[in-house]
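Me: I have a structure to go through and would like short answers with the reasoning shown. Please take the points one at a time.

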Amino acid sequence: MKHQPISAGITFTKPNQGLWLISLYGRRVGTVEGNSVIGFTARDIDYHFIGRDKASAKSAMQAWVP
């Protein structure tokens with residue numbers, strides 16, 4: 001995954017352990033979920049794969065950066 005600064009329009013909220021909801025300008029667009037054992041996976045609102053990272057949730061969140 002490409003590592004870029006996170007865009008100002010993207011927000012991440014964590015409703016529970018291992019799940020982050022991704023919003024773009026206030027509209028929910030997907031999720032990042034996982035843990036340090038299995039890795040972290042980014043998916044769009046229809047649960048299609050966007051990206052994956054074994055190291056950290058923050059790295060998986062980078063998949064959302066345009």
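Me: How many bridges pair β3 and β4, and in which sense do the strands run?
Reply: This is a predicted model. In it, Gly34 stands opposite Phe40 in β4. The two strands β3 and β4 pair in the antiparallel sense, and the count of bridges is six.

Me: Where does Ser36 lie, and is Ser36 buried or exposed?
Reply: Ser36 is in the loop between β3 and β4. Its relative accessible area is 61%. The cut-off for exposed is over 50%, so Ser36 is exposed.

Me: How far in space is Ser36 from Ala55, C-alpha to C-alpha?
Reply: Along the chain, Ser36 and Ala55 are 19 residues apart. The separation of their C-alpha atoms is 6.8 Å.

Me: In what order do the strands form the sheet?
Reply: Five bridges join β1 to β2, an antiparallel pair. Six bridges join β2 to β3, again antiparallel. The five strands form an open sheet with antiparallel pairing, in the order β1-β2-β3-β4-β5.

Me: Which are the edge strands, and what is the average twist?
Reply: An edge strand pairs on one side only, and this applies to β1 (10-16) and β5 (49-53). From one strand to the next, the twist averages 20°.

Me: Which residue of the hairpin of β1 and β2 takes a positive phi?
Reply: Within the β1 and β2 pairing, Ile10 stands opposite Leu24 in β2. The hairpin has two residues between the strands. The positive phi, near 80°, belongs to Gly18.

Me: Which residue in the turn of the hairpin of β2 and β3 has a positive phi?
Reply: Leu19 stands opposite Glu33 in β3. Two residues lie between β2 and β3 in their hairpin. The residue in the turn with a positive phi, about 50°, is Tyr25.

Me: What pattern does the protein follow along the sequence?
Reply: The secondary structure comes to five strands and one helix. Read along the sequence, the pattern is β-β-β-β-β-α.

Me: Which residues make up the largest nonpolar core?
Reply: In soluble globular proteins, nonpolar side chains tend to be buried together. Here, 38% of the 66 residues count as buried. The largest nonpolar core has 10 residues: Ile10, Trp20, Ile22, Val29, Val32, Phe40, Ala42, Ala57, Ala60 and Met61.

Me: Which element gives the most to this core?
Reply: The elements that give two or more residues are β2 (19-24), β3 (27-35), β4 (39-44) and α1 (57-61). With three residues, the element that gives the most is α1.

Me: Is Ala57 buried or exposed, and which residues is Ala57 in contact with beyond its neighbours within four places in sequence?
Reply: Ala57 has its place in helix α1. Its relative accessibility is 10%, and the cut-off for buried is under 20%, so Ala57 counts as buried. Leaving aside neighbours within four places in sequence, Ala57 is in contact with Trp20, Val32 and Phe40.

Me: How far apart in space are Ala57 and Gly18?
Reply: In sequence, Ala57 and Gly18 are 39 residues apart. From C-alpha to C-alpha, the distance in space is 8.7 Å.

Me: Why is the pair of Trp20 and Phe40 given the geometry that it has?
Reply: A search of the whole structure finds one aromatic pair. The ring centres of Trp20 and Phe40 are 6.0 Å apart, and their planes stand at 65°. Planes over 60 degrees apart count as edge-to-face. The pair of Trp20 and Phe40 is therefore edge-to-face.

Me: Which strands does this aromatic pair link, and are Trp20 and Phe40 buried or exposed?
Reply: The pair links distant parts of the chain, with Trp20 in strand β2 and Phe40 in strand β4, 20 residues apart. Relative accessibility is 13% for Trp20 and 7% for Phe40. Trp20 counts as buried, and Phe40 likewise counts as buried.

Me: What share of the accessible surface belongs to carbon and sulfur atoms?
Reply: The accessible surface of the protein comes to about 4200 Å². The share that belongs to carbon and sulfur atoms is 56%.

Notes
Residues are numbered from 1 along each chain as its sequence is written. This is a predicted model: local features need pLDDT of at least 70, side-chain atom pairs count only at pLDDT 80 or more; totals for chains, interfaces and linings use all residues. Side-chain values use heavy atoms; hydrogens and water are left out. A nonpolar core is a set of buried Ala, Val, Leu, Ile, Met, Phe, Trp, Tyr and Cys residues joined through side-chain atoms within 4.5 Å. Buried means under 20% relative accessible area, exposed over 50%, partly exposed in between (1.4 Å probe, protein chains only). Helices (H or I, at least four residues) and strands (E, at least two) are DSSP runs, numbered from the N terminus. Accessible areas come from the Shrake-Rupley method with a 1.4 Å probe; for residues, only the protein chains shown count as cover. Two strands pair if DSSP finds at least two bridges between them. Axes are lines fitted to C-alpha atoms, for helices over the stretch in contact, and angles run from 0 to 180 degrees between N-to-C directions. Rings of Phe, Tyr and Trp (its six-membered ring) pair if their centres lie within 6.5 Å; planes under 30 degrees apart count as stacked, over 60 as edge-to-face and the rest as tilted. Contact means heavy atoms within 4.5 Å.
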